[in-house]
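Student: Got a minute to go through this one with me? I'd like to start with a pocket.
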Amino acid sequence: MPEAIVALGEGKRIVGRLRFESDGRRQHSQFGYHEAWLVAEDRFALAPGLPLRNGSHFSSGKDDKRSALPGCFADAAPDSWGRALMTKALGGGLSEFDYLVLSDDRTRQGALRFLGEDMEPLSDLTPPIPWLVELERLRTLAQRFEQDPGGAEEEARDLAGVAGSLGGARPKANVEGDGHLWIAKFTSAQDTKPVERAEVATLKLARMCGLRVAEARLELRDSDSPIALIRRFDRRGDTRIPYISARTALDWQSEDGGFYTDIADVIRQISSKPTEDLHELWRRIVFTILVSNKDDHLKNHGFIYAGGNRWRLSPAFDINPSPSRHRVLETGIIQGGSFNASLEIALEACEFFELNEERARLITREMAATLSGNWRGAMREEGMTGNEVRLYQDAFEHSESARALGA
């Protein structure tokens, strides 16, 4: 039965032990907190679904292999892009435990570390973390792998190490620069729109609308394949900051989408500043509707640890405008309700987020006005042509944005 010591941060503070078992079709894990952690003054639960107690927490991948690990560990494992690279670099037949512990320890999301009995990381992919000056080389490697994943073994091994536990299916890597760790997002061979330019512009628009967002900028902007750089907010210098996705915070097991009011309930339970986080989350709902963000699933919301067994809503990230006639959300607004991208539903729900309707309508009007007056300029500032800007017009100018201006 493979197992790992679970530790936190650069100091390798032992938190517990993870054991894993696979009988071919089914995968299972059990996690237990270390006795010393349970009595420590600064102890905290790694996730709401892993409360502090003696004994083991069990997870089973009977129906979905990825549920073989508790959510906070699944958050620290690679997603589609990283898995494809690891499978090519290390061979097929990898278990959920393999994907978790063999991915790069240095760039792993959050503060969790998975160590052997010698207290050294179990990770098997540890090329040097590249610097910003190597972005063109990394972009070329990603393009080669996308074009010929079957023949790009060397490229896969290089990229698998620097992809680490990053989520999503799009090509990306971790890079260092300016004293920080960054996520480099590359243009995909399947792109029909300037996705990287749009994401950086939209994150800057979110900041203009008063949201807390990850720092973003565009590199190689004059090329046909620019790179979006998103600063990692789970690092402060060399300090690793614990992170969990909203999916983990909710202990969400279903493959169906969740609901913002459920996230609000979790905020009330775990946030160190619940009112601020509730207001912030509601503003993000409105922003998502106004910019036609179709990427607002539960793994694209998260919490960073704030100390004292309390968490804070993380900065916003992965906001991608997507023009579409079918205006739906990945995360519904009110528990049990529809997934329509509707400002009417958002305003109806405002009291769940500690906002009165008058204040909510004012916020909606202000955000809509800011977007109306700035979205085209923001896209042009990131190097879009006039034709490319027009590709995004329906994402920003639609019936809900018009309704918001008169809210």
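Tutor: Sure. This is a predicted model. The second largest pocket has 17 lining residues. Glu176, Leu181, Arg235, Gly237 and Asp238 are the ones that lie nearest its centre.

Student: Which elements give two or more residues to that lining?
Tutor: Strand 6 (172-177) and strand 7 (180-185).

Student: And what volume does the second largest pocket have?
Tutor: About 340 Å³.

Student: How does the lining split by class?
Tutor: Ten residues are charged, four are polar and three are nonpolar.

Student: Which domains does the lining draw on?
Tutor: Domain 1 (3-115) and domain 2 (132-235) each supply at least three residues.

Student: Switching to the sheet. In what order do the strands run?
Tutor: The order is 6-7-9-8. Those four strands make an open sheet, and they pair in antiparallel fashion.

Student: Which strands stand at the edges?
Tutor: Strand 6 and strand 8 (216-219). Each has a single partner strand, so one side of each has no neighbour in the sheet.

Student: How many degrees does the twist average?
Tutor: From one strand to the next, the average is 30 degrees.

Student: Back up a bit. What holds strands of a sheet together in general?
Tutor: Strands pair through backbone hydrogen bonds, in a parallel or an antiparallel way.

Student: OK, how many bridges join strand 7 to strand 9?
Tutor: Four. Strand 9 covers residues 227-231, and the two strands run antiparallel.

Student: Which residue in strand 9 does Ile183 stand opposite?
Tutor: Ile230.

Definitions and conventions: Residues are numbered from 1 along each chain as its sequence is written. This is a predicted model: local features need pLDDT of at least 70, side-chain atom pairs count only at pLDDT 80 or more; totals for chains, interfaces and linings use all residues. Side-chain values use heavy atoms; hydrogens and water are left out. On a 1 Å grid over the protein atoms alone, a cavity is a set of points where a 1.4 Å probe fits but cannot get out, and a pocket is an open set with protein on both sides within 12 Å along at least five of seven lines; lining residues have an atom within 4 Å of a point. Grid points are joined across faces, edges and corners, and a volume is the space filled by probe spheres set on the points. Ala, Val, Leu, Ile, Met, Phe, Trp, Tyr, Cys and Pro count as nonpolar, Asp, Glu, Lys and Arg as charged, and the others, Gly among them, as polar. Domain bounds come from an automatic or database domain assignment. Two strands pair if DSSP finds at least two bridges between them. Axes are lines fitted to C-alpha atoms, for helices over the stretch in contact, and angles run from 0 to 180 degrees between N-to-C directions.
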